[in-house]
Amino acid sequence: MAKVKTLDDLRKMKDELKNKITLREKADDPESLVQIKVSMATCGIASGAKEIMNYFIEELDNQNIDAVVTQTGCMGYCYAEPTIEVTLPGEKPLVFGNVTTPKASEIIEKYIKGGELVDGIIPDSYNTF
Amino acid sequence: MAKFKNHILVCAGTGCRASQCEEIVENLKLALEQNGLNKEVQVVRTGCFGFCEKGPVVKMVPDNTFYVQVTPDDANELVLEHLIKGRKVNRLLYVNPETKEVVSDSKHMGFYKKQIRIALRNCGFINPENIDEYIARDGYSALGKVLVEKTPEEAIKIIKDSGLRGRGGGGFPTGLKWELTLKSKSEQKYVVCNADEGDPGAFMDRSILEGDPHSVLEAMAICGYCIGADTGLVYIRAEYPLAIQRLKIAIEQAREYGLLGKDIFGTGFNFDVEIRYGAGAFVCGEETALIHSMEGLRGEPTVKPPFPSVRGYKEKPTNVNNVETFANIPPIILKGGEWFSSIGTEKSKGTKVFALAGKVNNVGLIEVPMGTTLREVIFDIGGGIKGGKKFKAVQTGGPSGGCLTERHLDIPIDYDNLIASGSMMGSGGMIVMDEDDCMVSMAKFYLEFTVEESCGKCAPCRIGNKRLHEMLEKITLGKALEGDLIKLRNLANVIKDTSLCGLGQTSPNPVLSTMDNFNDEYQAHVKDGKCPAGQCKALMHYIIDSHLCVGCTLCSRVCPVDAISGERKTPHAIDTSVCIKCGACMEKCKFGAISVQ
């Protein structure tokens, strides 16, 4: 790598290197960010949860939306896989079922960016401990 | 480059390495490869997380799951369950010992709640062997800012405004030290980093060098610019191989990037760092002794003045700061003196790193704001005393400090309060003692250390400490006379007043403070021939209660010196002249028939 010759070089380098650790920095304070949990049980994986997870990671990154995307265990909605849970900062978590790539795109565009509800929400009928 | 969607941070500090963290890393990588995840998940070796009690620590990012006491065999399960199936591996999560609740996230653990990490900001966060990760965390920006935008005087003013005081123990204002060295006129000056951490039980500086070596290098360069030096020297004890290795890697990387060497940031400023090895002598933590040792001379202190800021290494003005002091510098430069001085107490600003050790549940490395109370440190962060025993004392400041008791627990920790309470800050070792610890033996332990470490140059320290140790030995053997306690105190005061350097001037502190706080314990040893804590072997006798003994013969079989005799099914007896007081019989007895008196 090129030597650091000026302070601007260092700043540029920092901007390029930042993404190496942003994941860790975001993880320190997930409550202030958009959190997406992708259900990754056997049924989820079989229905393409992994592709959906990758899509969210890449798309949110491309659009510079600060978010934490994590995998989670079976949510129990095996009939509606892939399922994801989206938590906007300060909001209650919402579960979306049958998330395909177009649906994922719609969730990002409407719900995550605008707070507008979209079809496919699974009403919560459980308590978490 | 493919984007990593998970990072696995594995603690690679000395403690966790000793518990096989390298194998954990290898097994994690293997498991990731087998499952085709090696392009999606990055395994990172970091510096110390601080929670050494529960090491090895593995942290999953971005969901911040904090796995404790992980073994190499767990690696496969972590990959299959946590990463692929998204299920947390419950048996490896931390359990709050009080509520028995599982805590998966370090942010919600008592151990981390009250901590503010400035000096340790990157420990357990970045890979210390990768300069890129340091730069991504604003690394070397403070150096750039100072070189390009500030004059040395302006930079020193920021440090002065911050109120930062030396973290090595003395608590001398850092900005003032820099200013004094700047004012000394000389062609050649030096910056020295004191990494000769010598207090028993202290590992703050080692952890910083292992976890974030670049922060120290950057700060040394900043100091070089401020005082007009082009050479930095790190004096580190050779017993710290991992810290040395990481420091060497860091120096190489910084040179490669042009952040050390000639014409840094194109400003014409030159600065390079070399390493000097110490043989691990406690006295070499004293700055004049340290400088002599670096010059290849005997590590003996000389009278100050002249201070090193006037005449130091090779007779040139030298600025000596401790590792932790340096680690605080870059954030102060970036965030400003006011930010730093808003943390802490009136006269002690910022945070302090402590190595929490002894009879406390959460042994580890912590960083708390100045002004935190001992109670918070020991009971909230430290999780209280091991085995539910009673807290007795805490030794701060190592062999130079004193012990503090129950009544000191609510004192806010800062330089001045600790001195007023008869101890000192020291470099940050904190050893917790419970009801089973004998305070006379504790003082004796520290005296043994100072006798060993005294350089022998001045008589009070060389001879006085030896005599002091002999008197303590006499007390623990039950051979002391009543007048000995007065002699002990007098001698301690003479050594304190007449020794040449800090080592001798402070070495009687453990004796004096235990005499002040636990006088009755000394009296019990001398007058009654008893050790209330039951630790002084010479004052203990194991006896068998003939009413409780059923004659099972178990004790006589485990006794290594055949001191126990008796027929089967009849009460046994211990021959106290043969007994070595190892306690093996008491441990084995199923009937509680053996006790100590």
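User: In what order do the elements of chain A run from the N terminus on?

Analyst: In this predicted model, the elements of chain A follow the order α-α-β-α-α-β-β-β-α-β. That makes five helices and five strands. The C-alpha trace of chain A spans about 60 × 30 × 30 Å along its principal axes.

User: What makes the radius of gyration of chain B agree with that of a compact globule?

Analyst: The rule takes 2.2 Å times the number of residues to the power 0.38. For 597 residues the rule gives a radius near 25 Å, and chain B has 27 Å, so the value agrees with a compact globule. Along its principal axes the C-alpha trace of chain B spans about 90 × 65 × 40 Å, and its secondary structure comes to 24 helices and 20 strands.

User: Why are α8(B) and α10(B) called oblique to each other?

Analyst: Helix α8 (residues 174–183) and helix α10 (residues 213–227) of chain B have axes that cross at roughly 45° and come within 8 Å. Angles under 35 degrees count as roughly parallel and 65 to 115 as roughly perpendicular. The crossing angle of roughly 45° fits neither class, and therefore α8(B) and α10(B) are oblique.

User: Which residues make that contact between α8(B) and α10(B)?

Analyst: From α8(B) come W178(B), T181(B) and L182(B), and from α10(B) come C223(B), C226(B) and I227(B). By class the contact has five nonpolar residues, one polar and no charged.

User: Why are α7(B) and α10(B) also called oblique?

Analyst: The axes of helix α7 (residues 152–162) of chain B and α10(B) cross at roughly 125° and come within 8 Å. Roughly perpendicular ends at 115 degrees and roughly antiparallel applies over 145. The angle of roughly 125° falls between these bounds, so α7(B) and α10(B) are oblique. The crossing in which α7(B) passes α10(B) is left-handed. Its contact residues are P152(B), A155(B) and I156(B) of α7(B), with I222(B), Y225(B) and C226(B) of α10(B). By class, six are nonpolar, with no polar and no charged residues.

User: How do you know that domain 2 and domain 4 of chain B are in contact, and how many residues take part?

Analyst: Contact requires C-beta atoms, placed from the backbone, within 7 Å. Ten residues of domain 2 of chain B are in contact with eight residues of domain 4 of chain B. The side of domain 2 that touches domain 4 has seven nonpolar, one polar and two charged residues. The centres of the two domains, taken over C-alpha atoms, are separated by 35 Å. Domain 2 covers 131–341 and domain 4 covers 439–528.

User: What makes up the contact of chain B with chain A?

Analyst: The contact takes 29 residues from chain B and 27 residues from chain A. On the side of chain B, α3 (75–85), α5 (131–136) and α6 (141–149) each supply at least two residues. The largest share of that side, four residues, comes from α5(B). By class, that side divides into 14 nonpolar, seven polar and eight charged residues.

User: What is unusual about a cis bond or a positive phi?

Analyst: Most peptide bonds are trans, and most residues other than glycine have a negative phi. The bond from E81(A) to P82(A) is cis, with omega near -10°; P82(A) lies in the loop between β2 (67–72) and β3 (84–87) of chain A. Another cis bond joins V61(B) and P62(B), with omega about 15°. N98(A), not a glycine, has a positive phi of about 50°, and lies in the loop between β4 (94–96) and α5 (101–114) of chain A.

Note on methods:
Residues are numbered from 1 along each chain as its sequence is written. Chains are lettered from A and ligands numbered from 1 in the order in which they are written. This is a predicted model: local features need pLDDT of at least 70, side-chain atom pairs count only at pLDDT 80 or more; totals for chains, interfaces and linings use all residues. Two residues are in contact if their C-beta atoms, placed from the backbone, lie within 7 Å. Ala, Val, Leu, Ile, Met, Phe, Trp, Tyr, Cys and Pro count as nonpolar, Asp, Glu, Lys and Arg as charged, and the others, Gly among them, as polar. Domain bounds come from an automatic or database domain assignment. Axes are lines fitted to C-alpha atoms, for helices over the stretch in contact, and angles run from 0 to 180 degrees between N-to-C directions. A crossing is left-handed if the near helix is turned anticlockwise from the far one by less than a right angle, and right-handed if clockwise.
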